[in-house]
Amino acid sequence: MEPYTTPIPLTERVPAEIWLEIFEQVPTRADLHSVSVACKKFHDLTLRPLHRDLVWAKAMHVVHSLPLWNVKRGMDVAVRSLVLGVSAVPPNVCVPMVGRDGNPEPPPSHPSVNEDDKMLVATLGYYKLSDHDKDFFASRALHDDMFLRIRTFTNIASLTLSHMLVYDMHFELIHSLARLRSLRIEFCLFQHRFGSQTFNHADLPITDLTMVNLRRRCMAFLAHQITYDEDLTHILSLSTARNLQTLTVDSSADVFRHIFGAWDAHQRGWLIPQGLQNVYVLRRRCIDGEVQPLFHGENNFPETNLYHFAVQAPSLRTLSTPLFVPQNVMIAPQALPPSLERFAAPVETATFVAAVRDVKALGVLKCGLGSREAINALESVAVCRPALKMLMLELRGWDDEVVPAVAELFKDLRRLKVLYEGDVGPSEDFLVMLAPEYLTKMPHLHTIELYPQPRAGSAKPDHPRFLYDASYDSAEEELRNLVIPYNRYCPRLRKVQVCSGYIMARTCEGGPWEMERVRQYQEKDDLSY
């Protein structure tokens, strides 16, 4: 009789290297966390992938996270992305700070009397960055420990700087990251240009740059207005990186005027990257709780500077902007690069450019008070671009006539997106009949999106318990029932969004529909199809 042997569990039979490779493929942090609590071995093995995408948005995040790096050696190389929102201030500047132990740092015994320091304190207060509940500032000791650790993250490919003071040390860090490809800067304040080092940003390896909601230092608080330090050219010149392929900006980061449109741009080496393919100009979205003043020149942005920039960008394939040129300014669409294939702009400009350039994806924005303007514009586009692959429409209000018109005019569409203002959207009967009546006329369609535009000040969509019928137990059950006709009439359909908070998606024809919860509004649409 053979002696009893304890079976070896699966977690021990599979080599650790295989588990690590599997865990590297898990896409979301939430799923990784669920795996990590399954057993002690998984807890240890998931530490590295859990810290692959690091978020140090507040000082307490750093306090809780730093000790791990001292215990688990060699994890530094695992970090692929970093979101940083923790700053330090000059000595003797009085703002709430968190110390190494996580406790509030006592205020300086001798607050600075330097005028620049006092104006910095006033600026932080104006933007509400120094509020006690924000937790954006670390003591000098904690900040030095943090930055020393960040310098060991040599494999960072994506870096975000948010709600912080950006100094030369941050640009030194950016220039030291040989693998950096994506850089995002938002809601940040910056060191004065005249006191800054000069960096040649053209040498950066980044391919994707986003600069939105850039802030200016306050220079003086007058009776009825505030004056700002408007010179951000040392920041905006990041857009000259030679390898840049995608550029995303809003009116607070007018690179078209201050960098590429500067009178001495060529002398200073501010040249349009030759490989730049995608340019997205965003509306300056107001976020609840954020101080977002309009700075000099924003009311007239982008004037004609964006048009002149686009004419000179030889590789431009995608251009999306809420305003291309001021009203009553004539443009020559034939001067735009022949490579342009995705274009989104207000209705007049969009139809004008589509008549000349062979665009495959078109965004028709700011359509008028009724559907008639949208339909007239679509009829005009269909004359010269009947084989359009992707169409995005922005309407002032929902109208049942628009989708039928699209189905008649554009038989080759692969993706249709309609955004509308207001709370009144398509009825339940309309959505039920959508597939057999209209979508079936577009046999190549794989994505349909019909939902309201974001409300002012909101970054997160609503997640109602039901859409039309309160008898359903959940919105997911109701949506599954709603898309039943789509299985028969739209076999190629893979994505349906009729509510801003939920998406129904499937991976193959006849496959089950799965509901995805939308956590945040899409910042931009890449006009993909």
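Let us start inside the protein: leaving aside its neighbours within four places in sequence, Met211 is in contact (heavy atoms within 4.5 Å) with Ile185, Ile235, Leu236, Leu238, Thr248, Val249, Asp250, Ala253 and Val255. The model is a predicted one, where local features need pLDDT of at least 70, side-chain atom pairs count only at pLDDT 80 or more, and totals for chains, interfaces and linings use all residues. Residues are numbered from 1 along each chain as its sequence is written, and side-chain values use heavy atoms, with hydrogens and water left out.

Met211 is also one of the residues that touch the most other members of the largest nonpolar core, along with Trp56, Leu391 and Val406; this core has 124 residues. A nonpolar core is a set of buried Ala, Val, Leu, Ile, Met, Phe, Trp, Tyr and Cys residues joined through side-chain atoms within 4.5 Å. Buried means under 20% relative accessible area, exposed over 50%, and partly exposed in between (1.4 Å probe, protein chains only). Another core, of 17 residues, lies apart from the largest one and includes Leu120, Leu124, Tyr127 and Phe295.

Now for the cysteines. A disulfide is a covalent bond between the sulfur atoms of two cysteines. Here it is counted as a pair of cysteine sulfur atoms within 2.5 Å, and by this rule there are zero disulfides. Two cysteines show why: each has its closest cysteine sulfur too far away for a bond.

| Cysteine | Closest cysteine sulfur | Sulfur distance | Relative accessible area |
|---|---|---|---|
| Cys188 | Cys218 | 15 Å | 0%, buried |
| Cys490 | Cys508 | 16 Å | 6%, buried |
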